[in-house]
Amino acid sequence: MIENANKISLEKVVMKTLHRQQHELANAHNQLQIIEHGQTGDFALVPFQQKLDEAGLYPLKPTGIQTFQVNVGKMCNQVCKHCHVDAGPDRKEIMTKEIMQQCLHVLVQNPSLQTVDLTGGAPEMNPHFRWFVEELKKLRRHVIVRCNLTIILANKKYNDLPQFFAQHGVEVVSSLPFYTQDRTDRQRGNGVFEDSIKALQLLNGVGYGMDNSGLVLNLVYNPAGAFLPPSQEALEKEYKTALMERYGIRFNQLFAITNLPISRYLDYLLTSGNYEKYMEKLVAAYNPVAAANVMCRNTISIGWDGYLYDCDFNQMLDLKVACSSKHIADFSMSDLNERSIIIGQHCFGCTAGSGSSCGGTVT
Amino acid sequence: MMSENHYYNAADLAKFSNIGEYQKELADKFFSYYGEVFKDSALSAREKSLIALAVSHAVQCPYCIDAYSSDAYEKGWSEAQMMEAVHVAGAIKGGAVLVHGVQMMNKVKEIAM
Ligand code: SF4
Ligand code: SF4
């Protein structure tokens with residue numbers, strides 16, 4: 001008996017993407033059905049639209065687009081359990097150089113788009129990643145890379161990423177779901193914590209997170225389970241103390257992000273029997289101040305194939321922007337600024353408690 | 001809807017604030033005090049959450065155990081830390097029973113020949 005138990009616990013559980021499993025949740029339409037109506041079709045929560053209406057925010061309008069968030073592809077070296085992108089090594093959707101060129105063209109035409117936020121998958125796995133960053137810096141944009149940390153150690157060709165980031169003054173935003181191994185590995189896979197710590201030390205080594213270096217390293221916390229993040233401020237202090245004492249690691253800010261019920265996190269909620277309770281928790285924690293500050297009001301999200309979305313979440317739900325400027329090739333700032341943002345029950349994830357965005361809380 | 005036919009119902013936890021319907025002033029005072037107690041202060045909110053978890057077990061309140069199991073886990077305490085907190089409650093409760101054994105011994109010694 002004991003021998004058997006050991007065998008099972010030692011076996012490395014390899015996560016597969018929903019896409020690879022040909023899972024029904026790999027389909028955005030199926031996800032939306034559950035998000036809007038629940039598993040049985042009769043799970044009725046107060047509609048997000050009604051909440052916005054009460055706050056005088058419906059229809060939800062942009063406040064002026066400043067952030068250009070580009071998802072350069074779904075390929076990733078990790079297969080985290082909570083990933084709303086359903087990213088993984090088997091995903092082949094990668095942004096081409098032509099689409100990147102169209103993005104650069106839009107940035108030249110629209111100087112108000114000051115920040116370019118690169119995400120994925122692991123954005124560094126896109127073969128044109130470094131070229132794209134260099135071109136963006138030539139346009140003098142503030143560039144953020146959402147780096148999963150382990151990519152730096154995943155292959156020799158990525159080992160010099162810290163130097164590359166530093167050379168171009170890129171802001172690095174990295175997920176570290178917790179400052180202990182157990183919680184991190186449970187969410188992101190065995191060995192991820194150890195490699196993340198090594199990667200953070202390498203980033204510190206080239207100046208990231210150090211006083212006066214100008215090289216910004218921000219970390220992202222997201223709950224490893226069916227619960228909401230605690231206070232971002234208190235958590236940042238704990239992270240700073242723990243990472244410094246245990247590993248000598250420094251970083252700038254901690255962003256506490258709420259998980260949205262999309263893709264693999266939705267799958268987790270459903271299979272663990274937490275879906276309804278989690279949604280109720282999000283709704284109960286609805287905060288109208290956070291609603292006024294949701295990130296889709298100042299961000300536009302570009303998919304690997306050039307289509308435009310209100311945010312990375314709507315992108316994964318295949319909800320293209322509700323205006324005629326649907327593709328980067330037809331980008332029209334005025335058209336996009338006048339559009340109404342597409343909302344749904346998943347939006348409660350952005351408005352719970354102190355709110356949540358790619359930059360952490362919003363209140 | 002009629003309440004379920006047992007003394008404790010998980011859904012009642014969310015109705016805690018309804019106690020104000022019968023006596024608003026005292027409820028308001030209690031909830032405002034409660035909120036103050038759990039704020040970051042000389043002890044952090046995180047530390048207080050773990051204390052609350054231990055006390056919840058000592059007073060065996062299912063509502064409090066529900067609330068503070070989630071809260072302590074959300075605030076980053078590990079499973080082992082949370083169980084050790086419960087053991088602290090258990091040790092104190094057990095100790096509280098056993099230390100009265102001295103009282104029993106005193107009494108017996110007083111009356112025994
Ligand atoms: S959460 Fe990030 S690192 Fe994890 S699988 Fe998704 S894209 Fe990759
Ligand atoms: S999910 Fe997207 S569209 Fe909805 S509130 Fe959040 S950022 Fe906006």
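**Entry 1. Surroundings of ligand 2**

I looked up the neighbours of ligand 2 and found A:Leu260, A:Val294, A:Met295, A:Cys296, A:Cys311, A:Phe313, A:Asn314, A:Ile341, A:Ile342, A:His346, A:Cys347 and A:Cys350 around the molecule. I note that this is a predicted model. Sorted by class, the shell around ligand 2 holds 10 nonpolar and 2 polar residues, and I found no charged residue in it. I then asked where ligand 2 sits. It occupies the second largest cavity.

**Entry 2. The largest pocket**

I turned next to the largest pocket, for which I recorded a volume of about 1,500 Å³. Its lining comprises 35 residues, and those nearest its centre are A:Lys281, B:Leu13, B:Asp66, B:Ala67 and B:Ser70. I checked which elements give two or more residues to this lining: in chain A it is α13 (275-284), and in chain B they are α1 (24-37), α2 (45-58) and α3 (62-74). Which element gives the most to the lining? I found α3(B) to be that element, with 8 residues. By class I noted 23 nonpolar, 5 polar and 7 charged residues in the lining of the largest pocket.

**Entry 3. Aromatic pairs**

I looked up the ring pairs and noted a count of 26 aromatic pairs over all chains. One of the pairs I examined is formed by A:Tyr239 and A:Phe251, which is edge-to-face, with 6.4 Å centre to centre and 75 degrees between the planes. A:Tyr239 belongs to helix α11 (residues 232-247) of chain A, whereas A:Phe251 lies in the loop between α11 and β6 (254-256) of that chain, so the pair ties together parts that are 12 residues apart in sequence. I recorded both A:Tyr239 and A:Phe251 as buried.

In chain B I examined B:Phe38 and B:Tyr68. Their ring centres are 5.4 Å apart and their planes stand at 25 degrees; I therefore entered the pair as stacked, for which the planes must be under 30 degrees apart. B:Phe38 is in the loop between α1 and α2 of chain B and B:Tyr68 is in helix α3 of chain B, so this pair ties together parts that are 30 residues apart in sequence.

Are B:Phe38 and B:Tyr68 buried or partly exposed? I noted B:Phe38 as partly exposed because its relative accessibility is 24%. I noted B:Tyr68 as buried because its relative accessibility is 9%.

Finally, I followed the ring pairs further in chain B. They link B:Phe38 and B:Tyr68 with B:Phe16, B:Phe30, B:Phe31 and B:Tyr34 into a cluster.

Key:
Residues numbered from 1 in each chain as written. Chains lettered and ligands numbered in written order. Predicted model: local features only at pLDDT ≥ 70, side-chain atom pairs only at ≥ 80, totals over all residues. Heavy atoms only, no water. 1 Å grid on protein atoms, 1.4 Å probe; cavity = no way out; pocket = protein on both sides within 12 Å on 5 of 7 lines; lining within 4 Å. Points joined across faces, edges and corners; volume = space filled by probe spheres on them. Helix = DSSP H or I, 4+ residues; strand = E, 2+ residues; numbered from the N terminus. Nonpolar A, V, L, I, M, F, W, Y, C, P; charged D, E, K, R; others polar. Near = heavy atom within 4 Å. Sits in = over half its atoms within 2 Å of the grid points. Phe/Tyr/Trp six-rings, centres within 6.5 Å; stacked < 30°, edge-to-face > 60°. Buried < 20%, exposed > 50% of the residue type's maximum accessible area, 1.4 Å probe, protein only.
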